[in-house]
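Biologist: Got a minute to walk me through this one? I'd like to go through it bit by bit.

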Amino acid sequence: MRGCPRLALLCALLPWLLRAAAPPRPAQPLAREDPRDPARGADFDRVYSGVVSLSTENIYSFNYTSQPGQVNAVRVYVNSSSENLDYPVLVVVRQQKAVLSWQVPLLFQGLYQRSYNYQEVSRTLCPSEATNETGPLEQLIFVDVASMAPLGAQYKLLVTKIQHFQLQTNVAFHFTASPSQPQCPVYDLDHNVEFNGVYQSMTKKAAITLQKKDFPGEQFFVVFVIKPEDYACGGSFFIQEKENQTWNLQRAKNLKVTIVPSIKETIYVKSILLSFLIFFSFYLGCLLIAFVHYIRFQRKSIDGSFGSSDGSGNMAVSHPIAASTPEGSNYGAIEESSSSPGRQMSSSDGGQPCQSDTDSSVEESDFDTMPDIESDKNIIRTKMFLYLSDLSRKDRRIVSKKYKIYFWNIITIAVFYALPVIQLVITYQTVVNVTGNQDICYYNFLCAHPLGVLSAFNNILSNLGHVLLGFLFLLIVLRRDILHRRALEAKDIFAMDYGIPKHFGVFYAMGIALMMEGVLSACYHVCPNYSNFQFDTSFMYMIAGLCMLKLYQTRHPDINASAYAAYASFAVVITLTVLGVVFGKNDLWFWIIFSAIHILASLALSTQIYYMGRFKIDLGIFRRAATVFYTDFVQQCSRPLYMDRMVLLIVGNLVNWSFALFGLIYRPRDFASYMLGIFICNLLLYLAFYIIMKLRSSEKLLPIPLFCIVATAVVWASALYFFFQNLSSWEGTPAESREKNRECILLDFFDDHDIWHFLSATALFFSFLVLLTLDDDLDVVRRDQIPVF
């Protein structure tokens with residue numbers, strides 16, 4: 001049977017500077033001066049037998065002298081052969097400042113009103129410590145043994161002095177304990193061990209970190225209590241063979257305890273400085289790259305070397321280039337001489353002068369105000385070969401304002417989401433600190449370093465990278481945004497009609513999401529548990545979704561999803577995730593419904609993507625899709641009109657259907673990670689497709705995006721290794737979670753999960769840079785020569 005000891009630390013009088021106790025003086029029997037005194041003098045380490053009944057009561061007196069600087073603890077053993085719970089043997093121990101009592105057989109209550117009886121009971125008495133001011137103290141102990149049994153009850157009594165009561169630092173102490181024989185002086189039974197101090201449950205290993213502020217006298221007791229059954233710590237329970245079964249020492253557990261000094265303050269300082277230094281080095285690297293590009297830009301301006309990109313997405317030219325056009329590349333594109341609705345023509349093209357970049361007077365309702373815009377969209381978006389100029393026809397200011405809504409909405413979401421989260425985790429931490437119940441939070445207790453009121457400061461500090469790198473990404477995007485606005489104000493033809501249209505709203509939203517991921521992950525790690533897991537996973541879903549939206553927006557700026565629809569979709573995903581965590585463990589019906597929703601949503605989204613937003617999503621979408629499929633593939637066996645898109649969507653649907661079937665068959669317990677895996681796989685699939693199509697279209701990868709792609713792959717691989725180390729898990733009991741705890745691996749301060757935080761923040765930063773710089777090579781290519789895929 002697997003053991004389930006309960007470990008607790010109770011504030012009392014054991015010195016923190018642990019030392020070996022001096023050998024005690026031999027005990028002397030207490031002389032009875034008053035013949036009417038019923039107490040009989042007794043010796044330590046001697047077994048006394050007797051019978052007590054309704055008319056008979058035995059009292060034993062023990063005395064010893066406590067010397068200053070010594071802590072002498074006494075243990076009382078009582079055994080009774082009686083199994084009669086109606087007339088147990090009652091034991092009362094009286095000291096100078098304490099009274100302790102129990103009965104034999106000792107009764108423990110288990111699950112479903114099951115009872116466990118123990119005929120052997122031993123307890124440790126709370127010691128009184130002599131000081132230099134008081135001098136040697138004479139200690140008196142009275143042990144009263146009685147019973148209400150009419151025919152008498154037999155017992156055996158043994159009182160001994162504990163030789164190794166004081167623990168030494170860095171020295172392992174081995175001992176045995178059972179439910180009826182705990183190793184502790186006060187509050188040492190299953191029903192009262194939680195009344196004081198700091199406590200937690202364990203199966204095989206556990207650790208508690210103490211702070212001096214919690215023990216002003218630098219003294220504490222280490223308490224070990226054995227639970228009567230394994231179920232409380234996550235084990236299985238069994239049916240009791242007979243009522244009131246006597247267990248005695250059947251659940252005796254061998255334990256080892258070691259007291260080690262906590263880390264020094266210098267390690268805290270070094271860890272904090274290292275965390276800032278690592279991520280500030282990214283700021284320095286970005287400044288260096290920006291300076292190099294600035295020098296190259298100045299040299300090109302002086303030399304008159306126009307017509308090439310500076311590698312950072314900023315053009316060093318102010319007039320058009322004479323680029324050769326491959327034969328047939330103009331197929332399906334809008335001619336520059338045509339004045340198509342919704343398109344701003346530059347003054348060099350003979351159109352209207354470029355309007356001011358301000359969008360203060362532009363409303364989203366201004367979309368598609370020309371009478372023929374609907375017919376234009378239907379004609380253009382259903383051509384076999386599409387180019388970027390076909391899908392960037394709307395007014396740049398209106399589209400830019402549309403994408404800025406992503407930024408403002410996510411700020412609003414972050415504020416309303418973060419404030420109650422912060423309030424809740426503060427409450428959690430307060431409850432832990434006040435009650436001492438460390439089963440509330442699922443830390444890696446072998447590497448949990450407290451600071452102030454925080455129990456695991458290292459897990460919070462390691463999220464610093466998300467905040468700093470998210471802010472750095474915002475600065476990079478802001479720099480590009482400012483330079484692009486300046487180019488527009490200067491009526492730079494390359495900013496208006498060349499390269500990917502620059503809309504930075506989603507990039508700003510991604511930066512805010514990365515920062516909030518760090519904030520909310522830190523909030524989660526204040527007290528990680530089943531109730532607050534969704535704090536940071538919610539923004540993980542949003543980050544993955546925003547990345548996919550941005551990748552799609554790159555070559556589909558006019559038809560990308562609105563911010564309201566996108567965030568509403570994220571809300572639906574988070575709702576499904578919560579339902580999955582609550583109901584997805586054992587309920588087959590939930591997995592059937594979720595798998596059906598997953599497959600239908602994949603088909604609906606695939607249809608919308610395949611037809612470039614011209615396939616209306618309503619209740620008749622599946623009927624129309626089935627009709628098109630039958631007409632084009634079954635009846636005519638024709639080749640798909642858009643082969644590249646079809647290949648992507650087929651692979652994507654196969655992946656999503658595989659996820660749906662996997663969930664339906666295996667029903668994974670960690671539904672939140674399962675959902676995140678769906679998002680990540682779809683993002684990676686789409687990114688791989690985009691890069692392959694980009695290279696297939698004879699486009700280039702510049703050094704910076706190529707470096708970011710390689711760095712992203714390497715860092716993500718390293719990060720996932722540490723993520724799967726699984727140092728704790730709120731899916732099981734707190735005791736089961738502690739079996740996975742491990743020691744620190746970096747600076748004696750950070751554990752594997754902290755390294756995951758560092759690396760995942762870095763990997764996300766590089767991933768964002770990939771999306772930001774991936775198409776910098778197209779800044780010198782006309783939009784009617786950039787294919788859409």
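Biologist: Which side chains of strand S8 are buried, and which are not?
Modeller: In S8 (residues 106–109) they alternate: Leu 106 and Phe 108 point to one face and are buried, while Leu 107 and Gln 109 point to the other face and are not. Buried means under 20% relative accessible area, exposed over 50%, and partly exposed in between, with a 1.4 Å probe and protein chains only. Strands here are DSSP runs of E with at least two residues, helices are runs of H or I with at least four, and both are numbered from the N terminus.

Biologist: Is there a general rule behind that pattern? What is it?
Modeller: In a regular strand, side chains alternate between the two faces of the sheet.

Biologist: And what does S8 pair with?
Modeller: Strand S9 (residues 115–118), antiparallel, over 4 bridges. Phe 108 has Tyr 116 in S9 as its bridge partner. Two strands count as paired if DSSP finds at least two bridges between them.

Biologist: Before I go on, where do these coordinates come from, and how is the numbering done?
Modeller: This is a predicted model, where local features need pLDDT of at least 70 and side-chain atom pairs count only at pLDDT 80 or more, while totals for chains, interfaces and linings use all residues. Residues are numbered from 1 along each chain as its sequence is written, and side-chain values use heavy atoms, with hydrogens and water left out.

Biologist: OK, sheets. What is the order of the 4 strands in the open sheet?
Modeller: S3-S12-S5-S10, with antiparallel pairing. Strand S3 (47–52) and strand S10 (120–124) are at the edges with a single partner strand each, so one side of each has no neighbour in the sheet. On average, neighbouring strands of this sheet are turned by 20° against each other, direction ignored. Axes are lines fitted to C-alpha atoms, for helices over the stretch in contact, and angles run from 0 to 180 degrees between N-to-C directions.

Biologist: How many bridges join S5 to S10?
Modeller: S5 (residues 74–79) and S10 are joined by 5 bridges. Arg 75 has Thr 124 as its bridge partner in S10.

Biologist: Thr 160 caught my eye. Buried or exposed?
Modeller: Thr 160 is in strand S12 (residues 153–161), and at 13% relative accessibility it counts as buried. Leaving aside neighbours within four places in sequence, Thr 160 is in contact with Phe 44, Asp 45, Ala 73, Val 74, Arg 75 and Tyr 77. Contact means heavy atoms within 4.5 Å.

Biologist: What about the sheet with 5 strands, what's the order there?
Modeller: S2-S4-S11-S6-S7, open, with mixed pairing. Strand S4 (residues 58–66) and strand S11 (residues 137–147) are antiparallel over 9 bridges, and Ile 59 stands opposite Asp 144 in S11.

Biologist: And Arg 94, what does that touch?
Modeller: Arg 94, in strand S6 (residues 89–94), touches Ile 59, Val 99, Leu 140, Ile 141 and Phe 142, not counting residues up to four places away in sequence. Arg 94 and Phe 142 are 48 residues apart along the chain, yet their C-alpha atoms are separated by 5.1 Å. At 35% relative accessibility, Arg 94 counts as partly exposed.

Biologist: Switching to helices. At what angle do H10 and H12 pack?
Modeller: Helix H10 (residues 588–610) and H12 pack at about 175°, with axes 9 Å apart. That makes H10 roughly antiparallel to H12; angles over 145 degrees count as roughly antiparallel, under 35 as roughly parallel, 65 to 115 as roughly perpendicular and the rest as oblique. Residues making the contact include Trp 591 and His 598 of H10, and Asn 653 and Trp 657 of H12.

Biologist: Last one: where is Asn 529 found?
Modeller: Asn 529 is in the loop between helix H7 (505–526) and helix H8 (534–555), and at 4% relative accessibility it counts as buried. A polar atom of the Asn 529 side chain lies 2.9 Å from the backbone oxygen of Cys 527, and a polar atom of that side chain lies 2.8 Å from the backbone nitrogen of Ser 531.

How values were computed
A polar contact is a pair of N or O atoms within 3.5 Å; within protein, one must be able to donate a hydrogen and the other to accept it, and residues adjacent in sequence count only if both atoms are side-chain atoms.
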